[in-house]
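The exercises below are to be worked with the sequence and the model open side by side. Each task is followed by a solution in steps.

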Amino acid sequence: MKHRKTEIRHAVGTVRFIYRFGKSLFGLTLLISILNAVAPLIVILGNTQILNQILSNRPQSIIRIVLYFYSAAAMAYVGAAILQRFLDIASVRANERLKTAIYEAWEKIDFQQLETQGYFSKMMKSEASFRYSGGIPAFFTQFQNLIQSLVTIIAGLGLIGWIVMVGTTKSSRLALIIIMSLLLILLGEYGLVLIYQKLTHTNIKLFKYLMNLERKMNYFLMNIVNSYENIKAIKMWGLREPIQNRYRTTWKSEKSANHKLIINDSLSQIVTAVMASFATLVLFILVVFKIKEGLLPIGQLNTLFGSVVQMTNAVSVMIATWQQFLRFQNQMQYASDILPSEKPTATSGNATLPLQTKNVIEFVHVSFAYADGPEVLHDISLKLDLQGATALVGVNGSGKSTLIKLLLGLYRPTKGKILFNGQDISKFTQADYLALFKVVFQDYAIFDFSIAQNISASVDQDQGRLRDIMMNNGIAEWVDRLPNHEKTAIGTYSQEDFQPSGGQRQQIAVARAQYKHGIYQILDEPSAAMDPIKELRLFSKIKQVSRDTPSLFITHRIGAVTLANKIILMRDGQIDGIGTKSSLLRQSAYFRELWHSQADMYAFDANLNATGE
Ligand SMILES: Nc1ncnc2c1ncn2[C@@H]1O[C@H](COP(=O)(O)OP(=O)(O)OP(=O)(O)O)[C@@H](O)[C@H]1O
């Protein structure tokens, strides 16, 4: 019973969820279902009347009966068919709304939640579930089946109840037989319902399991089959076997779970058929007995059989649909999990940005840990005047990128606060605050847009600004040699389009940051993929640009810090020192170690040349 209550609660939840996307469709479905359910019962009643007239030798009233009953049924059928077309069109439209909402959910999610709360995996699940479930049209087919079956069962029960009850008051023997028959039906049906419930329960479990497998398969599809880059890597490294190995088990499990599901579905249908046959048999004996006693006209046998046939169908449709409905609910759970996701973001207020000629960002005792992870930044207090060029250095994993993500308001500090010109950054809207920064992340992304769109991050471009930036960054040199120049499409999904080299991609990412209007430029290892000439040109450019647009850059090329007015040295999630190159070389043994490690490499190279090795 508790189980059934949960099922009903979930079903109500699904109805409420779908209601958000197609309110008017529910009324329409209700109307169609009632018309469809009632029409065949009208025909049955009409047939019974005709039979009774024939059997009692009164053929003259047959035409009148045909006229009344059949035209009423025809009107119901035609009405339902017309409304059905509207429902079909409207449910496809509602489905588009839901699909768009699922695809656009990522726009509303906070960066921190996206990265740390399994949100991506939920999005993948919801996308897979949406496709697997058949969406809103499938929901309304199921909903219609359920309502139609329910109305048929109620109306059928009414008719059967009437046939069963006729004459009960006239004979106590008959009343007793009826009570006994009903008890027998109840008892038999109860046993069958128990078996049926067990099957349903197993099916739901199987279905959840299948959903998980489906998600894995979806990941496979998105990351391997749909990614040209990955397919290239798989071929290059001969990774076919480990990949197939990994997914073969999933394929096999999916196949066997699907088999079990089909067998269980068939067993459920058999149980339903036995339920219906058993009830029909008992009722048939009862009605024949009544006809023999002269309590019912013989034509009522037609009503009994007609109603029972309709009801049997309705019960089996209802039971099968209920299972589908629960599965649908299960699938939509993922979508409904990600859709109402407008939770507060790291910078969620609406205060006006207190912009000044010289801006300052201050970290006040800031610590940070990724979700369920250890603390990676410890009690950082740092005043960052947004002026000139600042370098952020430290070994891998010392917390440089994390510090930048906090500075940008993409993550909330676990302790402490970050101030922009004295105001807590959580008071600003994320969009306003982020608009201040021109950022190149380490894992910059290049999309399958044109080069111009990749740089401007927009459909349209300011052509003058775009050309200047391409010239200043050495992009024009190779773009002008392409047949469509900056309009050339970049191929991330299609190998027919242009494939930029690693260094060219990084140039585009840097140009994207420069194209954006903002007050502070942040570059996380902007030259990692560039050749020495491009790298030198980039760092001189950063120095030059920093006069107007101050910059913060992370680099492992320790020589590049000579360009910076200020160097921030990070070590194990803490600030180890702040100063100029010469002050840090004097004060920090750790900085000296970093500096000399790279200088020694050049010396090593010089030694090799000298010895001719
Ligand atoms: N999304 C994440 N979830 C959990 N831990 C993370 C995440 N990103 C980084 N870390 C951890 O935080 C610590 C600092 O990483 P961070 O990327 O800030 O270092 P970094 O100094 O920028 O390193 P690198 O020079 O290699 O880019 C590392 O221990 C890293 O494993």
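A residue counts as near a molecule or strand if its C-beta atom, placed from the backbone, lies within 6 Å of it. The model is predicted: local features need pLDDT of at least 70, side-chain atom pairs count only at pLDDT 80 or more, and totals for chains, interfaces and linings use all residues. Numbering starts from 1 along each chain as its sequence is written. Helices (H or I, at least four residues) and strands (E, at least two) are DSSP runs, numbered from the N terminus.

**Exercise 1. Describe the shell around the ligand.**

Step 1. There are 13 residues around the ligand, and those that come nearest are Tyr-370, Asn-396, Lys-400, Ser-401 and Thr-402.

Step 2. Helix 11 (residues 400-407) gives the most to this shell, with three residues.

Step 3. Sort the shell by class, where Ala, Val, Leu, Ile, Met, Phe, Trp, Tyr, Cys and Pro are nonpolar, Asp, Glu, Lys and Arg are charged, and the others, Gly among them, are polar. The result is two nonpolar, nine polar and two charged residues.

**Exercise 2. Lay out the open sheet and find its edges.**

Step 1. Two strands pair if DSSP finds at least two bridges between them. Six strands form the open sheet in the order 6-7-8-3-9-10, with mixed pairing.

Step 2. Strand 6 (437-440) and strand 10 each have a single partner strand, so they stand at the edges and one side of each has no neighbour in the sheet.

Step 3. Strand 6 and strand 7 pair in the parallel sense over four bridges, with Lys-438 opposite Gln-521 in strand 7.

Step 4. Strand 7 (residues 520-524) is also parallel to strand 8 (residues 551-554), over four bridges. Here Gln-521 stands opposite Ser-551, and Asp-524 has Ile-554 as its bridge partner.

Step 5. At the other end, strand 9 (residues 566-571) and strand 10 (residues 574-579) run antiparallel and are joined by five bridges. Leu-569 stands opposite Gly-577. The two strands form a hairpin with two residues between them, and Asp-572 in the turn has a positive phi of about 45°.

**Exercise 3. Is strand 7 buried or exposed?**

Step 1. Call a residue buried if 20 or more other C-beta atoms lie within 10 Å of its own, exposed if 12 or fewer, and partly exposed in between, with C-beta atoms placed from the backbone. Five of the five residues of strand 7 are buried.

Step 2. In a regular strand the side chains alternate between the two faces of the sheet.

Step 3. Tyr-520, Ile-522 and Asp-524 lie on one side and Gln-521 and Leu-523 on the other, and both faces are covered.

**Exercise 4. Characterise the packing of helix 3 on helix 6.**

Step 1. Axes are lines fitted to C-alpha atoms, for helices over the stretch in contact, and angles run from 0 to 180 degrees between N-to-C directions. Helix 3 (residues 62-108) and helix 6 (residues 135-165) pack at about 135°, with their axes 7 Å apart.

Step 2. That angle makes helix 3 oblique to helix 6, given that under 35 degrees counts as roughly parallel, over 145 as roughly antiparallel, 65 to 115 as roughly perpendicular and the rest as oblique.

Step 3. Contact requires C-beta atoms, placed from the backbone, within 7 Å. Residues of helix 3 including Leu-87, Ser-91 and Lys-99 meet Gly-135, Ile-136, Pro-137 and Phe-140 in helix 6.

Step 4. By class, this contact has seven nonpolar, three polar and one charged residues.

Key. Two residues are in contact if their C-beta atoms, placed from the backbone, lie within 7 Å.
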